[in-house]
Amino acid sequence: MKSILFVAAEGLPFIKSGGLADVIGSLPKALLKQGHDVKVVLPLYKKMAEKNHQDFEYVCSYSVTISYEEINVNIYQQDVNGVIFYFIENQTYFERDELYGYDDDGERFAYFQKAVLEMLSRLDYFPDVMHCHDWHTGMIATMCKENYRHDARYAAMKHVYTIHNLAYQGNFGKEMLHSCLGLNEDLFDCGAVRYDTGISFMKSGIVYADRISTVSPTYAQEILTTEYGEHLEHVLQMRYSELGGILNGIDIDEWNPAKDPEITKNFNKVSVFKGKVENKLALQKRFGLEEDKDVMLVGMVTRLTSQKGLQLVLDQMGHMLKANMQIVLLGSGDKGMEAAFDAINSKNAGKFGFYRGYNEALAHQIYASCDCFLMPSKFEPCGLSQMISLRYGTLPIVRETGGLKDSVLPYNEFTKEGTGFTFTNYDSHEMMDAINRALCVYYDNKVDFKKLIKQAMKFDVCWDKSAQDYSNMYEYL
Ligand code: ADP
Ligand code: GLC
């Protein structure tokens, strides 16, 4: 049994902008089941304050120094089924409409990390392992090992750093090193935290952690290459022996078609075919599509960013609209992409439905109602949407990259193996070819399509095995 503190910028059930929050909400639960003591610490954003503040219990207050000023920290906590969540409150930094994307993000997350490290001594709580996630927490191991090295309680802790997305690195000006993080400028001169002319939170996490993990075995290999390494491949290569990939799981209670309160008709592995028809008709109605239980319905639920391969979809939209299929898309993000999909939506009512925004309930309905789920990502560290799709008997059409490659088995027409349809290169024709293969099986080989659905629903998407892998890593450390 180990005590572990998860440090992250978002986590369910409190706040989510993407898959990171799903993982922070579900992995601690799975580790708790294995006997570990797991706690989580998050910033307290405005959206959480509005929704949950009355449920939080006040713990203590103190201050940390940022830019030579004493800045106040209030700590709150809440127990979520045995996992204690701590929240770091500072209204100036976190009471804003969005989570990220501000000019002072570097300072905001420097403050967060400093407040977390100081919290340990205030609570006299020193976990065996600090498990940090993504760039927002990349400086924890660095500050712990440099600024607190003479304190045995800090020095005894081990550091795991999980990369959920190497593309977001937290690269900031060099001046922040001393003014916000309290670190010596030698660390810039010797290259340990340096990136170009500034500093990188992500790089520091990679350099200082005792163990680095990423969220799928394939992505762990890919990031060692120039194509996927986001200019950090050489740093990762240096730490190759401490780097590993563990595939994410999903919360199978939250994502359960047999009990999902958001969908029109619940179903399980036996009732999936009937259940899907009812959900499909309801979704078609909601999107104003032609109500037809027999047409192939393809869904997408995604952040609208270049990572997700939406350019391929835009390139092939003409062909997709001519094919015998309907498409629904739920997403928000890049303004240009939002406008492009809005335009397609307004000209193709009946065939294409676009909901611009973030909508949890609608996401559940799309996973439950569609025949296929399209995810042609340019890169994908893990991807949870394709795993949710598998659980809902919705066959993923994916590019073979990162976690998509590790979780979707391509259809083999001879052996009948498979859980979805895949393509190799980031090329819109290859994507269209995979869609056409799915269409052929859907219309001309219903027996195989149904077999694939059954196989998809049997794929193990729960956390148990991966939580065991994390457990082994903690024990090893
Ligand atoms: P990423 O974290 O890169 O966005 P993942 O596939 O790991 O990709 O996780 C995305 C998560 O966010 C999934 O749970 C997905 O259902 C959810 N999601 C993405 N976009 C939306 C949206 N517009 N509305 C509701 N849920 C969304
Ligand atoms: C990131 C990645 C996604 C992964 C998620 C959770 O957002 O883009 O692929 O599933 O983190 O690890």
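# Exercises: salt bridges, a strand and two domains

K335 and E338 sit three residues apart in helix α14 (residues 335–347), which is about one turn of the helix. The model used here is a predicted one.

**Exercise 1.** Work out what links the side chains of K335 and E338, and sort K335 into buried or exposed.

*Solution.* Start with the atoms: the two side chains meet in a salt bridge, at 3.4 Å from N to O. Next, look at accessibility, where exposed means over 50% and buried means under 20%. K335 has 63% relative accessibility, so K335 counts as exposed. E338 has a relative accessible area of 7%, so E338 is buried.

**Exercise 2.** Find the partner of E118 in a salt bridge, then place the pair in its helix.

*Solution.* The partner is R122, and the closest N and O atoms are 3.6 Å apart. Both residues belong to helix α4 (residues 105–123); because they are four residues apart, about one helical turn separates them. Now check accessibility again. E118 comes out at 19%, so E118 counts as buried. R122, at 45%, counts as partly exposed.

**Exercise 3.** Say which parts of the chain the K416 and D448 pair ties together.

*Solution.* First, confirm the contact: these side chains form a salt bridge, 2.9 Å from N to O. K416 is in the loop between α17 (402–407) and β18 (421–423), while D448 is in helix α19 (residues 446–458), so the pair ties together parts 32 residues apart in sequence. K416 is partly exposed at 28% relative accessibility, whereas D448 is buried at 6%.

**Exercise 4.** Describe the surroundings of strand β13 (residues 296–304).

*Solution.* Take burial to begin with: eight of its nine residues are buried, so β13 is largely enclosed by the rest of the structure. Then go through the neighbours. Strand β14 (residues 325–333) runs parallel to β13 and is joined to it by nine bridges; R303 has S332 as its bridge partner there. Strand β16 (residues 372–375) is also parallel to β13, with two bridges, and V298 pairs with C372. Finally, add helix α13 (residues 310–322): β13, α13 and β14 make a right-handed β-α-β unit.

**Exercise 5.** Characterise the interface between domain 1 (3–249 + 464–476) and domain 2 (272–458).

*Solution.* Count contacts: 19 residues of domain 1 touch 19 residues of domain 2. The two domains bury about 1,400 Å² between them, 57% of it on carbon and sulfur atoms. T218, Y228 and L247 supply 28% of the area domain 1 buries against domain 2, more than any other three residues. As for salt bridges between the two domains, the count is zero.

Conventions:
Residues numbered from 1 in each chain as written. Chains lettered and ligands numbered in written order. Predicted model: local features only at pLDDT ≥ 70, side-chain atom pairs only at ≥ 80, totals over all residues. Heavy atoms only, no water. Buried < 20%, exposed > 50% of the residue type's maximum accessible area, 1.4 Å probe, protein only. Pairing = 2+ DSSP bridges. Right-handed = clockwise from strand over helix to strand, strands pointing away. Domains from an automatic or database assignment. Contact = heavy atoms within 4.5 Å. Buried area = accessible area lost by both parts, 1.4 Å probe. Salt bridge = Lys/Arg side-chain N within 4 Å of Asp/Glu carboxyl O.
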